[in-house]
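Student: Please take a close look at a single part of this structure and set it in the context of the whole. I would like one connected account.

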Amino acid sequence: MESRRCGQYTMNQQITKVTEKPPFDRSSSQDSMDEVSMEDYWTELENIKKSNENRQEDQEVVVVKEPDEGELEEEWLKEAGLSNLFGEAAGDPQESMVFLSTLTRTQAAAVQKRVETVSQTLRKKNKQYQIPDVRDIFAQQRESNDKVPDGTESQSVRTNENKYRGKDDRASSLVVGEKELILLVPEEAPASETDINLEVSFAEQAVSQKESSKEKIQKNRGDDGPLPNFRLPKDKTGTTRIGDLACQDMKKVCYLALIELTALYDVLGVELKQQKAVKIKTKDSGLFGVPLTVLLEQDQRKVSGTRIPLIFQKLISRIEEGGLETEGLLRIPGAATRIKNLCQELEAKFYEGTFNWESVKQHDAASLLKLFIRELPQPLLSVEYLKAFQAVQNLPTKKQQLQALNLLVILLPDANRDTLKALLEFLQRVIDSKEKNKMTAMNVAMVMAPNLFMCHTLGLKSSEQQEFVMAAGTANIMHLLIKYQKLLWTIPKFIVNQVRKQNTENHKKDKKAMKKLLKKMAYDREKYEKQDKTANDADVPQGVIRVQAPHLSKVSMAIQLTEELKASDVLARFLSQESGIVQTLKKGEVFLYEVGGNIGERCLDDDTHMKDLYQLNPNAEWVIKSKPS
């Protein structure tokens, strides 16, 4: 058996053999629980054990370090872009004032809590670093008559949340010992439809919902309801998805997502513990047991711009070539000895292009795909956030679970996020053929959960009761990831608005500094202010935007803004100027971008209403171009 460790656990320890489900107490409402799905989980664990026994080669390990007192908070502040608030890097707190001034009350409280912990820890260690008191930084915010950052009264948070709350926003539960467990529900039942609010901070929604929904949650505890069909309400300024923003703005989004996730967990009383991988030697070539980043570097030398490992893509392709209607797809394993031989052959021949893919049966390819995920030196869901993914099951409502997963997906490293997306899209295609392959969403979730979360299931000395908690909990998370994947790659509007506010404040600060510099250099101030106006202001009348398209036949066009004008209409006008073949090639390859003003760069979705967006960002330029690879 391989000897790969995850955290403090070694992979070569024996798994507690589970031939039947552990004993547990059910509420009477759980009689409809899909028993076969639970068996799928335990069967998959047994298959993994057999597979590991046939993988004799030693794998390098990545050790997870348990942080000392204060280290967790210090690392958190670094990840949130606030390292200049403490330690040797401490500088003028004004540098972080712009960022901090855009935070919501719950986000500010999360930052304050971590800064105070770091401050106390450093004082205990007799380190004389300057630690600014974040309470002073947020004093003005607390005195602002209970307003949220966009200036609306806090009551609007409650009102908006009530508007978006669905009647089935609850989670089914099962009592295991003294622990309440969130469980999957039968997907065949008719699902409710409810809008998900991306305009108001998730943590602020949780605060306003906490008291008003306490009675409701207690009353509905144990109710067996379907997962709602959450949907995004139409946003006239356009929906922003991961990949739509420039790198500098995406970095700010990640800082805010971490703070928001922490604030949400704080409000709901759920512990959020990040872990840190201690970097040690791992394989620097090959296919299995190789870090994703190393694998992609190899692949990009073969195929430029590759974002998903080539072996991962090929295994999915091979499974699909056999047809997704095959009964038991993903559940039925390939023969362990044959899988071991195929691994060795792939390692030797894949990049040479001499591997015989005809020798790989469909179930073999599925087993190899799962093995690839398990043998990643760090989990696909990342060492840092694996525990946070697991903790999602402890959040009270399905909507809050979805909100947390949304933020966690944003926080994943690019390579992990892109690979996860490819996996979830493939799993959905498998589920789409459930009538023939007998693999429902719950079946697939049960089979895949141990492969994504196994670092904390294998080698874990735990009771059967704890193993059942792990099984149902991680399978529930897997189910949510698959069902709501289209929503999870959306960047919440309230976070994009916070980025816009930061950019606006930074621009004002830079402009003020530039004016001061120009005055000192005896430049004519009026001349500078005229130059500061964009070319659009000079040659485009009110209510008209000029759109640039440097790579199309028509390189520029003035377009009248109307209430109905959408981004798709602007693109259509430009593409109509192209010849037939070029028009076909360009459609779906070029996009309209909002550039500058209060955003670095943002790719617009087709349904963006241009007049509404113009009012939000009047200083932007508008450019048609292709997305960077």
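Tutor: Helices here are DSSP runs of H or I with at least four residues, strands are runs of E with at least two, and both are numbered from the N terminus. The model is predicted. By that assignment the protein has 26 helices and 13 strands. The part chosen for the close look is helix H18, residues 441-453, together with its partner helix H13, residues 362-374.

Lys438 lies in the loop between helix H17 (434-437) and H18. Its backbone has a positive phi of about 60 degrees, although Lys438 is not a glycine. Most residues other than glycine have a negative phi. Is Lys438 buried, partly exposed or exposed? Its relative accessible area is 43%; buried requires under 20% and exposed over 50%, so Lys438 counts as partly exposed.

Beyond this loop comes H18 itself. Two packed helices are described by the angle between their axes and the distance between the axes. For H13 and H18, the angle is about 35 degrees and the axes are 8 Å apart. The crossing in which H13 passes H18 is right-handed. On the H13 side, Lys370, Ile373 and Arg374 make the contact, and on the H18 side Val447, Met448, Asn451 and Leu452 do so. An α-helix has 3.6 residues a turn, so residues three or four places apart point the same way. In H18, Val447 and Asn451 both belong to the contact, as do Met448 and Leu452. Sorted by class, the contact of H13 with H18 has 4 nonpolar, 1 polar and 2 charged residues.

Another positive phi provides a counterpart to Lys438. Leu330, also not a glycine, has a phi of about 80 degrees. This residue is placed in the loop between helix H11 (310-321) and helix H12 (336-349). Leu330 counts as buried because its relative accessibility is 0%, whereas Lys438 is partly exposed.

Helix H15, residues 398-411, adds a further reference for burial. Its 14 residues reach 20 Å from the first C-alpha to the last, close to the 20 Å expected at 1.5 Å a residue. H15 is mostly covered, with 14 of its 14 residues buried.

For the protein overall, buried residues make up 51% of the 629 residues. The exposed area is about 29,100 Å², of which carbon and sulfur atoms supply 48%. Among contacts between residues at least 6 apart in sequence, 78% join residues at least 24 apart.

Methods
Residues numbered from 1 in each chain as written. Predicted model: local features only at pLDDT ≥ 70, side-chain atom pairs only at ≥ 80, totals over all residues. Heavy atoms only, no water. Axes fitted to C-alpha atoms, helices over the stretch in contact; angles between N-to-C directions. Left-handed = near helix turned anticlockwise from the far one by under 90°. Contact = heavy atoms within 4.5 Å. Nonpolar A, V, L, I, M, F, W, Y, C, P; charged D, E, K, R; others polar. Buried < 20%, exposed > 50% of the residue type's maximum accessible area, 1.4 Å probe, protein only. Areas by Shrake-Rupley, 256 points an atom, 1.4 Å probe, with all protein chains shown as cover. Expected span 1.5 Å × (residues − 1).
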